[in-house]
Amino acid sequence: MKHLAILGSTGSIGTQALDVVKMHPDIFVVDVLVAGNNVDLLAKQALEFSPKLVVIGNETKYDELKNRLKNSNIAIAAGANAVCEAAAYSSCDTVVVALVGFSGLRPTKCAIDAGKTIALANKETLVVAGEYIMNSAKEKGVSILPVDSEHSAIFQCLNGERHLTPAQIILTASGGPFRGRTRAELENVTPAAALKHPNWSMGAKVTIDSASMMNKGLESIEARWLFDVSPEKIGIVVHPQSIVHSLVEFSDGSLKAQIGVPDMRLPIQYALTYPDRIESPVAKFSFVQHPNWTFEEPDREVFRNLNIAFDAMHIGGTAPCAMNGANEVAVAEFLKGNVGFLQMPDVIEQTMAETTFIQSPSFDDYFDIDAEAKQIATKIIYKMKK
């Protein structure tokens with residue numbers, strides 16, 4: 001039996017991870033559930049899966065959660081420190097990190113320090129502090145298994161290869177809801193339109209990142225650290241059908257691709273069962289039903305976030321951290337209607353230019369830079385509104 005802690009259990013990845021658990025009750029036990037704010041769903045999950053511990057990140061919702069679970073024997077905790085303690089919970093051997101944004105960094109480090117296997121769905125952890133986190137994992141002998149469909153695909157393509165350094169990693173992108181649009185056509189797009197992803201069902205933050213193609217920029221930085229490749233070896237191709245989840249090119253010119261229906265339960269399950277493959281709840285792929293696959297270059301002039309992310313990756317240090325903090329603020333304010341879709345890259349670029357830069361940051365430096373970048377981005381957006 002694998003004993004799981006699921007951090008972010010009420011989000012898109014967390015709920016689908018629990019779908020996988022339900023499919024295989026003979027393999028998985030859920031010992032810990034963690035959510036940020038959704039008390040209602042967290043309580044329902046707790047009553048269904050009977051974990052030893054549930055944690056709500058928002059401390060103001062502790063009493064509500066306690067009341068919902070008053071007739072159970074489940075331990076209840078709240079707050080940021082409790083989330084970190086949950087990530088290191090003694091009976092768990094695998095921690096699914098599906099928290100959103102920068103909030104995943106400290107719990108991931110806590111899980112590493114506790115020697116847990118990590119199924120990582122929180123790409124921002126490696127965007128912000130990739131070198132630090134991967135070095136920490138290596139020192140502790142901890143495995144970090146990717147959950148993102150693109151990184152899972154690359155991981156699967158590299159599995160079994162004698163020489164694990166590829167000639168090139170090629171991340172595929174759906175192109176989101178605005179593929180093929182001009183800047184003029186995107187001038188007045190609404191959050192509702194940006195949230196209509198053509199292929200994937202995801203949380204709001206990830207869906208907006210996909211629409212702006214920042215998601216692919218974040219994934220490129222994540223891939224740089226997960227697979228220890230230079231930025232020059234990372235390519236992106238737009239594949240609207242989302243059937244080829246990513247590819248690896250080898251030195252002899254051969255390409256390997258991982259193919260399947262666009263369903264996140266497949267990469268989640270692979271991370272949880274690796275190195276084994278078991279029966280999946282995912283529908284089997286049919287070539288007949290998906291006869292046409294197309295590939296094209298991303299439009300980096302319209303979707304400027306791609307180049308911003310690659311610039312941050314080349315600069316290194318705290319540049320990706322500042323970029324990520326600014327993006328989190330920009331996305332949140334776009335969803336509120338306070339900043340335009342095409343203004344988000346401007347906010348990110350200006351924030352990066354104004355935020356303190358540290359070439360060799362400590363772990364605490366990442367938290368200082370994140371806070372500084374978010375404060376600067378908020379001021380920039382406020383000035384835009386005036």
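Two axes whose angle is under 35 degrees count as roughly parallel, while an angle over 145 counts as roughly antiparallel. The exercises below apply to a predicted model.

**Exercise 1.** Determine how the axes of helix α12 and helix α14 are oriented to each other.

*Solution.* Step 1: Helix α12 comprises residues 305-315 and helix α14 residues 344-354. Step 2: Their axes come within 10 Å and cross at roughly 20°. Step 3: The cut-off for roughly parallel is under 35 degrees; α12 and α14 are therefore roughly parallel to each other. Step 4: The crossing in which α12 passes α14 is left-handed.

**Exercise 2.** Identify the residues through which α12 meets α14, and classify them.

*Solution.* Step 1: From α12, the participants are Asn305, Ile308 and Ala312. Step 2: In α14 they meet Pro345, Ile348, Glu349 and Met352. Step 3: The contact divides into 5 nonpolar residues, 1 polar and 1 charged.

**Exercise 3.** Establish the strand order of the open sheet and name the strands at its edges.

*Solution.* Step 1: The 7 strands pair in parallel, in the order β4-β3-β2-β1-β5-β6-β7. Step 2: β4 (75-78) and β7 (144-146) each have a single partner strand, so one side of each lacks a neighbour in the sheet. Step 3: From one strand to the next, the twist averages 20°.

**Exercise 4.** Describe how β5 and β6 are joined, and which helix lies across them.

*Solution.* Step 1: Strand β5 (residues 94-97) runs parallel to strand β6 (residues 117-120), with 4 bridges joining them. Step 2: Thr94 has Thr117 in β6 as its bridge partner. Step 3: Helix α5 (residues 105-113) lies across β1 (2-7), β5, β6 and β7, at about 155° to β6.

Key:
Residues are numbered from 1 along each chain as its sequence is written. This is a predicted model: local features need pLDDT of at least 70, side-chain atom pairs count only at pLDDT 80 or more; totals for chains, interfaces and linings use all residues. Side-chain values use heavy atoms; hydrogens and water are left out. Two strands pair if DSSP finds at least two bridges between them. Helices (H or I, at least four residues) and strands (E, at least two) are DSSP runs, numbered from the N terminus. Axes are lines fitted to C-alpha atoms, for helices over the stretch in contact, and angles run from 0 to 180 degrees between N-to-C directions. Contact means heavy atoms within 4.5 Å. Angles under 35 degrees count as roughly parallel, over 145 as roughly antiparallel, 65 to 115 as roughly perpendicular and the rest as oblique. A crossing is left-handed if the near helix is turned anticlockwise from the far one by less than a right angle, and right-handed if clockwise. Ala, Val, Leu, Ile, Met, Phe, Trp, Tyr, Cys and Pro count as nonpolar, Asp, Glu, Lys and Arg as charged, and the others, Gly among them, as polar.
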